Amino acid sequence: MINGTFTLDHAHTIIGFVARHAMVTKVRGNFADFDSTVVVDGENSNATATIKTASIDTGNADRDGHVKGEDFFDVEKFPEMTFTSTSFDVDENGNGTVTGDLTIKGTTKPVTLDVETEGVAEDPFGNTRLGFEATTKINRPDFGIDFNAPLKTGGMLVSEEIKIEIEGSAIKQA
């Protein structure tokens, strides 16, 4: 693992999520507007991220409009969600967990991301890149996102459990 300060490359990073819809399928979405810094420095490692909630894209304009509204992210009142790491427990290869505080709609809860580093490489432009994947699951009502509609066949329209998936390409800054 290489030490340094890295920022996520927007063109090669996906910050996404997966929710069950109508109990029979999955809906995926991602956020296009974010800033994130990862400092890799042994016990002093840390990570921060700010995500613009209005940048959500689920591939459906009507659904995006609903999710941006008060039933879900309420982007007018809560334009950002944030993550600030509190601990890194990763091995020399960059695999392990990163725990931190996730804030959505003004509610902060601890989450633990399972992290797998895919590698470090120099790209054709001379940039040192760190590739990784990180995943976790959250309960959306814990963050005040509690909209739902019951189904006639049982269950609810949208799952409470949301899987967060990050496929990151970070460029070394220092």
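Two strands are taken to pair if DSSP finds at least two bridges between them, and in this predicted model β8 and strand β9 (residues 107-122) meet that criterion, pairing in the antiparallel sense over nine bridges. In the hairpin that β8 and β9 form, two residues lie between the strands, and K105 takes a positive phi near 50°. Across this pairing, the bridge partner of D101 is P110, which belongs to β9. Strand β8 (residues 96-104) is also joined to β7, with which it runs antiparallel, by eight bridges. Here the bridge partner of S85 is G100 in β8, and the hairpin of β7 and β8 has five residues between its strands, with G94 taking a positive phi near 85°.

These hairpins belong to a protein that contains one helix and eleven strands. Read from the N terminus on, the elements follow the order β-β-β-β-β-β-α-β-β-β-β-β. The radius of gyration is 17 Å, which agrees with the value near 16 Å that a compact globule of 174 residues would have. Taken along the principal axes, the box filled by the C-alpha atoms is roughly 55 × 30 × 30 Å. Buried residues account for 37% of the 174 residues, while the accessible surface comes to about 9600 Å², of which 48% belongs to carbon and sulfur atoms. Of the contacts between residues at least 6 apart in sequence, 54% join residues at least 24 apart.

Aromatic side chains provide one set of links between parts of the chain that are distant in sequence, and the structure holds two aromatic pairs. In the pair of F17 and F31, the ring centres are 5.9 Å apart and the planes lie at 45°, so the pair is classed as tilted; F17 is in strand β2 (residues 14-21) and F31 in strand β3, 14 residues apart. F17 has a relative accessible area of 14% and is therefore buried, and F31, at 6% relative accessibility, likewise counts as buried because the cut-off is under 20%. F31 also forms an aromatic pair with F73, this one being edge-to-face, with 5.7 Å from centre to centre and 80° between the planes. This pair again links distant parts of the chain, since F73 is in the loop between α1 (61-68) and β7, 42 residues from F31 in strand β3. Both F31 and F73 are buried, and F17, F31 and F73 together form one aromatic cluster.

Charged side chains supply a further set of links, and a search of the whole structure finds six salt bridges. R28 forms one of them with E165, the closest N and O atoms being 3.2 Å apart. The partners are separated by 137 residues along the chain, with R28 in strand β3 (residues 25-31) and E165 in strand β11 (residues 161-172). R28 counts as partly exposed at 48% relative accessibility, and E165 falls in that class as well, at 23%. A further salt bridge joins K52 to E80, with the closest N and O atoms 2.5 Å apart; this pair too links distant parts of the chain, K52 lying in strand β5 (residues 46-52) and E80 in strand β7 (residues 80-90), 28 residues apart. Both partners are partly exposed, as K52 has a relative accessible area of 32% and E80 one of 36%.

The salt bridge between D123 and R129, in which the closest N and O atoms are 2.9 Å apart, has both of its residues buried. Through salt bridges that share partners, D9, D123 and R129 are joined into one network.

Strand β3 also contains K26, which is partly exposed, with a relative accessible area of 47%. When residues up to four places away in sequence are not counted, K26 touches V18, A19 and R20. The C-alpha atoms of K26 and S159 are separated by 9.4 Å, although these residues are 133 residues apart along the chain. Strand β3 thus recurs in several of the features described here, as it holds R28 of the salt bridge with E165, F31 of the aromatic pair with F17, and K26.

Note on methods: Residues numbered from 1 in each chain as written. Predicted model: local features only at pLDDT ≥ 70, side-chain atom pairs only at ≥ 80, totals over all residues. Heavy atoms only, no water. Salt bridge = Lys/Arg side-chain N within 4 Å of Asp/Glu carboxyl O. Helix = DSSP H or I, 4+ residues; strand = E, 2+ residues; numbered from the N terminus. Buried < 20%, exposed > 50% of the residue type's maximum accessible area, 1.4 Å probe, protein only. Contact = heavy atoms within 4.5 Å. Rg over C-alpha atoms; globule rule 2.2 N^0.38 Å. Areas by Shrake-Rupley, 256 points an atom, 1.4 Å probe, with all protein chains shown as cover. Phe/Tyr/Trp six-rings, centres within 6.5 Å; stacked < 30°, edge-to-face > 60°.
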